[in-house]
Each structure stands twice: as C-alpha cells, then as structure tokens.
Amino acid sequence: MNLISPNFPEIGKPNIEIKKFPDDDSYVRISDISELQGEEVKLFHRLYPDQDSNIFKAILMLDVLKRVGARTTFVVPYLPYSRQDKTFKEGEALSAQVLCKLFAGAQLITLDCHFLKKEGEFEYNGLKIKNISANKLLIEHAKTKLKTKDIEIISPDQGANYLVSDFGGKSMKKVRGEYDKSGEAHRTIEKMEREFDVKGKNVLIIDDMISTGGTMIRAVENVKKGGAKKVLCAATHGFFLKDSLEKLQKITDGVFTTNSIPNPAAEVDIAELLLH
Ligand code: R5P
C-alpha cells in the first residue's frame with residue numbers, strides 16, 4: 001500500500017509538497033505521482049487546524065490522484081464541520097453535508113465522526129465513510145492511569161452514548177439553549193441531567209470531542225457534586241479552546257485525548273487505528 005501525506009509524521013516524512021503562490025493561493029504537488037498510476041493509495045491529511053484551507057488542499061490532492069486513476073482512501077483523523085449536520089435556525093448551512101459532497105466518490109476513514117454516532121461503514125451524501133472509535137483505547141488508558149478496572153464510564157450526553165454503551169456505561173443528558181451573546185456560533189448549555197448514582201465511584205467521562213470545554217466542565221461539576229471519588233475526562237478529539245485545558249486540569253484527576261488533533265493532553269496514539 002502506498003502511504004502519502006503532507007502532515008502525518010506517524011507514517012514517515014511528508015511526501016506531498018505544499019507551498020503558497022505569491023497571492024496566497026495553495027500549491028500542491030505529489031512528487032512521486034507516476035508511481036501511483038492505477039495504484040491503491042492511502043492519503044493521510046490532518047484537516048484541523050486551519051480547516052478551510054486544508055479542506056481545499058485535500059480537494060486538490062484528491063484530484064491529482066484521480067487524474068492518474070489511483071484508488072484512494074482518504075484518512076482524516078478528525079473531520080471538521082461534522083457537528084453541523086442539522087439546522088437549529090432557519091437558513092443555516094448544512095456544512096457536514098456540503099463537506100461530504102465535496103469529497104464524494106472517495107473512501108474516507110475517520111475517527112469518532114460526530115454525526116454518525118456509531119462505529120462502522122456508512123454512505124453519507126455520496127461519501128463512503130469508515131468510522132472508527134477510539135473509545136477502547138481511551139478507556140484502557142484511563143484504567144492504566146487510575147491503576148484500577150473499577151471505573152464508572154459516563155458520556156456527558158446521549159449523542160456520545162455509543163462510546164460507553166459496550167462497556168456498561170451510562171449517559172447524562174445535556175440540554176442546549178440559544179446561541180450565546182459572544183457573537184460566536186455557540187449555543188449555551190441550559191442544564192446537565194444525571195439519573196444514576198456516582199457517589200464514591202471512580203469516574204471516566206468520555207466524549208467525541210472537547211472544544212470550548214463547556215460540556216466537559218459541566219459534566220465534571222455534576223459528578224463531583226454527586227460525590228464521585230476520582231474523576232478523569234477524555235475525548236477522541238481535543239481542541240481545548242481558550243483556557244479550557246487548564247480549567248479541566250484544575251477540577252479533575254486527569255484529562256487526556258488522542259493525537260487526532262495534536263495538543264498538550266494527547267496521550268493516546270491513533271496511528272495503529274488508522275493504519276490497519
Ligand atoms: C456535542 O454534542 C459534542 O459531542 C461535544 O459534547 C461538544 O461538541 C463539545 O463541545 P464543547 O467542548 O464546546 O462543549
């Protein structure tokens with residue numbers, strides 16, 4: 001299998017050239033393209049950060065491969081725009097659908113894709129997606145960190161229930177409100193509800209992503225109020241916007257994610273999940 005990437009050191013040195021034209025347009029060149037004619041190729045490309053520009057570079061790379069008849073699998077550790085698969089207000093863009101249509105025709109492998117909400121193979125707006133979950137790796141890591149198997153595994157909302165359900169886990173309920181007043185497209189959390197007991201238990205709260213940290217902070221506060229003993233929190237994708245990592249580190253016994261998005265709490269390596 002031919003592995004190529006501009007930015008995935010886990011598979012070796014970058015072998016796709018990316019530069020800028022003087023006017024800031026992107027330049028993409030796959031130098032060994034003659035060897036990839038009609039071949040099976042895995043293209044690894046981190047689309048975050050700088051997602052809008054990286055998505056366009058991906059379209060260019062996929063087109064170069066298509067022109068030589070390569071059979072490409074596109075490996076994207078984190079798929080941006082995956083939270084915008086539904087509209088909340090009239091007139092909003094369905095960004096997840098648009099993005100998938102842009103990549104339609106390719107095969108995509110990704111981790112804990114937000115709108116799929118389960119592991120497996122899917123077709124979404126013309127794009128074939130294999131969605132792999134990092135839940136097992138995260139849960140094993142938590143057991144090693146706390147040196148015990150006796151951990152209550154919880155997701156902070158129903159959407160992430162698939163991450164915990166195979167492990168006897170339970171889910172809290174998150175109720176979102178209106179867009180907040182910050183000017184960003186971000187909805188407030190009205191309340192977090194929990195219908196099970198955590199008193200005296202070691203707890204791992206696991207989600208597909210930690211972005212502003214709002215969800216995780218509210219979930220941690222909830223279980224601590226409920227008398228949880230040790231509290232870890234984990235996610236597949238860690239953005240840790242603003243000071244959310246420091247805030248979470250202060251109120252928990254540990255915070256960690258995979259390295260799907262490189263960040264200071266990335267303790268779990270995803271290379272094995274994506275290479276096989
Ligand atoms: C939403 O349903 C997701 O699963 C996450 O819970 C959410 O996107 C995390 O975002 P934040 O860290 O901003 O609360």
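The exercises below, each with a worked solution, concern a predicted model.

**Exercise 1. The largest nonpolar core**

Task: Find which residues of the largest nonpolar core touch the most other members, and which elements give two or more residues to this core.

Solution:
- Step 1. The largest nonpolar core has 31 residues, and L65, F74, F103 and F115 touch the most other members.
- Step 2. Two or more residues come from each of β4 (40–44), α1 (51–67), β5 (71–76), α2 (95–103) and β8 (127–132).
- Step 3. With six residues, α1 gives the most to this core.
- Step 4. Take F103 and leave out residues up to four places away in sequence: F103 then touches L47, I55, A58, I59, L62, F74, L108 and L127.
- Step 5. Another core, of 23 residues, lies apart from this one; F196, V203, A228 and V255 are among its members.

**Exercise 2. C100 and C113**

Task: Decide how many disulfides the model has, and explain why C100 and C113 are not bonded.

Solution:
- Step 1. The cut-off for a disulfide is a pair of cysteine sulfur atoms within 2.5 Å.
- Step 2. For C100, the closest cysteine sulfur is that of C113, 6.7 Å away, so the two are too far apart for a bond.
- Step 3. Starting from C113 gives the matching result: its closest cysteine sulfur is in C100, at 6.7 Å.
- Step 4. The count of disulfides is therefore zero under the 2.5 Å cut-off.
- Step 5. As to burial, C100 has 1% relative accessibility and counts as buried, and C113 is buried with a relative accessible area of 2%.

**Exercise 3. The surroundings of β5**

Task: Work out which strands pair with β5, in which sense, and of what hand the crossovers are.

Solution:
- Step 1. Begin with β4, which pairs with β5 in the parallel sense over five bridges. Within this pairing, L43 has F74 in β5 as its bridge partner.
- Step 2. Follow the chain: β4, α1 and β5 make a β-α-β unit, and this unit is right-handed.
- Step 3. Turn to β6 (residues 107–111), which runs parallel to β5 and is joined to it by four bridges. Here V75 stands opposite I109 in β6.
- Step 4. From β5 the chain crosses through α2 to β6, in a β-α-β crossover that is right-handed.
- Step 5. Check burial: five of the six residues of β5 are buried, so the strand is mostly covered under the cut-off of 20% relative accessible area.

**Exercise 4. T257**

Task: State where T257 lies, whether T257 is buried or exposed, and which side chain makes a polar contact with its own.

Solution:
- Step 1. T257 belongs to strand β15 (residues 254–258).
- Step 2. The relative accessible area of T257 is 0%, so T257 is buried.
- Step 3. The side chains of T257 and N263 are joined by a polar contact of 2.9 Å.
- Step 4. Leaving out residues up to four places away in sequence, T257 touches L138, A235, T236, G238, F240, N263, A265, A266, E267 and V268.

**Exercise 5. Backbone exceptions**

Task: Locate the cis peptide bond, and describe phi at K117 and N125.

Solution:
- Step 1. Recall the background: most residues other than glycine have a negative phi, and most peptide bonds are trans.
- Step 2. The peptide bond joining Y48 and P49 is cis, with omega about 0°. P49 is in the loop between β4 and α1.
- Step 3. K117 has a positive phi, near 60°. K117 sits in the loop between β6 and β7 (120–124) and, at 28% relative accessibility, counts as partly exposed.
- Step 4. N125 also has a positive phi, near 50°. N125 sits in the loop between β7 and β8 and counts as partly exposed at 27% relative accessibility.

**Exercise 6. The six-stranded sheet**

Task: Give the strand order of the open sheet of six strands, and explain which strands stand at its edges.

Solution:
- Step 1. The order is β10-β9-β13-β14-β15-β16, and the pairing is parallel.
- Step 2. β10 (170–171) and β16 (266–268) each have a single partner strand, so one side of each has no neighbour in the sheet; these two are the edges.
- Step 3. As one pairing inside this order, take β9 (residues 152–155) and β13 (residues 203–210), which are parallel over three bridges. In this pair E152 stands opposite V203 in β13.

Definitions and conventions
Residues are numbered from 1 along each chain as its sequence is written. This is a predicted model: local features need pLDDT of at least 70, side-chain atom pairs count only at pLDDT 80 or more; totals for chains, interfaces and linings use all residues. Side-chain values use heavy atoms; hydrogens and water are left out. A nonpolar core is a set of buried Ala, Val, Leu, Ile, Met, Phe, Trp, Tyr and Cys residues joined through side-chain atoms within 4.5 Å. Buried means under 20% relative accessible area, exposed over 50%, partly exposed in between (1.4 Å probe, protein chains only). Contact means heavy atoms within 4.5 Å. Two strands pair if DSSP finds at least two bridges between them. A crossover is right-handed if, with the strands pointing away from the viewer, the path from the first strand over the helix to the second runs clockwise. A polar contact is a pair of N or O atoms within 3.5 Å; within protein, one must be able to donate a hydrogen and the other to accept it, and residues adjacent in sequence count only if both atoms are side-chain atoms.
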